[in-house]
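Hello,

Here is the structure for you to look through. Some notes on its aromatic side chains follow below.

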Amino acid sequence: MSKSVIESGKAVLGIEFGSTRIKAVLVDDKNKPIAQGDHEWENQLVDGIWTYSIDMIWNGLQDAYKKMTEDVQKQYGVKVEKLAALGFSAMMHGYMAFGADDEILVPFRTWRNAITEEASDKLTKLFNFNIPQRWSIAHLYQAILNGEDHVKDIKFQTTLAGYIHWKLTGKKVLGVGEASGMFPIDSATGQYDAAMVEKFDKEIDGKFPWKLLDIFPGVLTAGENAGCLTEEGAKLLDPSGTLQAGCPLCPPEGDAGTGMVATNSVEVRTGNVSAGTSVFSMVVIEKPLSKVYPELDLVTTPAGDAVAMVHCNNCTSDLNAWVNIFKQFAEAFGMDVDMNKLFGTLYNKAMEGDVDGGNLLAYNYISGENITGMEEGRPMFVRTPNSKFNLANFMRVNLYSALATLKIGNDLLFKEEKVPVDKLLGHGGLFKTKGVGQQILADAMNAPISVMETAGEGGAWGIAVLAAYMIQKAEGESLADYLNNKVFAGQEGSELAPNPEGVKGFDEFIEIYKAGLPIQRAAIDSMKL
């Protein structure tokens, strides 16, 4: 069955650029994954800027695609010559600006850079709308405020997903969810907010040979055709020349949007939490918030509905680094280490710890964290002489730390704004060990958390589903209906309710965490990069 789907060109491919992995997932005509490939990569800190080079982007894309085709060859003995549809997604936000020769003007500035505080503050006041530091418009305005020479030469500004899509199709467009991380979207029109665009153009008032919409990508909604794979694009994706041009592409989306799709969380009063290198929650809201919160971002689903997003730059990186220390310890004793078993053992050990973490404290800030006002990161572990320092508490507090900043933001949404949510779904690496990350998140949010089997497929599968929706949808069929009826029908997932003791313990920990933030500030001021 899968072999004939591939041979007949009916398979759909989704590729997502995550922070540490580029993943390609091939699905059949029922949205079932049938092959995959991936490429590991890591951002680099160059001259104080978190970046990925253009060569890294293309080499990684081609490697992930090649490994997917090798998986197809190994499983089914056929080549991937045609696709029914294709979609790209990537980590959102950041800054990619291109000149008249279509070459990048300055190195790609990723979402991880907390270097736009002045622009973020000024734009938030100008628009009366929260503009986070990582948003593309904040990066652009900061470059203007800095007097950077390249700004006058910009012909096109986009995101990583938009860049890949442009090079493969020639189309300068974004999906609305991804676009909502560049600039505020008016959910009534599904386009950039016209009044805010006008305010921005007035603010820069003829200083440059462009206005904002001259250099920004167009905005498309889920289900719309976003162009076709060109001959040049096919060779960029598959240098072997096997892949034929011509398949349609869906609008490129961000990892937030594909996370919503992968967890069936695009309807009002649903939400999801993506926990990997970064962690963010997305809740589809019924009505506007009562005021502007710097901790809450307003973006959209791939269908254009308003979403309250809490985005934290740091989640599992420091936790993974500690697990790696235990790996090195075991290897020093001559042991062969199975990383899945190691993670599982340490995560399960955390559940034996005190619910408040035993008066231990950890900050997982590999990079800056906007929600707590830290422009750089200094990973830390702190204890008092009488703290209950043991392995179980150590692991529990490091897991708490991975979700602490997320809790600070969501307490505003649920406790201050009283936003209702019927279901929250978790996905990402934090949930691989059954029942641990899921339970700790339920306690942190004080809400039931579900994890679906398919959620493990992640954003690459999510963008493949969006590509399939584009070619399979019935007349007038909404994205929510398509997901409910054709993708997730009969799938409930496993749900864990918050444990009252765990909720109380996490609340006690978060008070220690907030009180200790000056320690993190002192470390940034005292210990230079």
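**Aromatic rings and their contacts**

In this predicted model, K167 lies over the face of W166, 4.4 Å from the ring centre. A second charge of this kind belongs to R112: its charged end sits over the ring of W50, at 4.8 Å from the centre.

Next, the ring pairs. The count comes to 31 aromatic pairs. One of them is formed by W322 and F394, with ring centres 4.9 Å apart. Their planes stand at 90°, over the 60 degrees needed, so this pair is edge-to-face. W322 belongs to helix α11 (residues 317-332), while F394 belongs to helix α13 (residues 391-416). The two are 72 residues apart, and the pair links distant parts of the chain. W322 is partly exposed, its relative accessible area being 29%. F394 has 7% relative accessibility and counts as buried, the limit being under 20%.

Helix α13 also holds Y400, which pairs with F506 in helix α17 (residues 500-515). These positions are 106 residues apart in sequence, so the pair ties together parts of the chain that are separated by that many residues. The ring centres of Y400 and F506 are 4.3 Å apart, and with planes at 40° the pair is tilted. Both residues count as buried: Y400 at 1% relative accessibility, F506 at 0%.

Y400 and F506 are also part of a cluster linked by ring pairs. Its other members are Y363, Y365, F509 and Y513.

Regards

Methods
Residues numbered from 1 in each chain as written. Predicted model: local features only at pLDDT ≥ 70, side-chain atom pairs only at ≥ 80, totals over all residues. Heavy atoms only, no water. Phe/Tyr/Trp six-rings, centres within 6.5 Å; stacked < 30°, edge-to-face > 60°. Helix = DSSP H or I, 4+ residues; strand = E, 2+ residues; numbered from the N terminus. Buried < 20%, exposed > 50% of the residue type's maximum accessible area, 1.4 Å probe, protein only. Lys NZ or Arg CZ within 6 Å of the ring centre and 35° of its normal.
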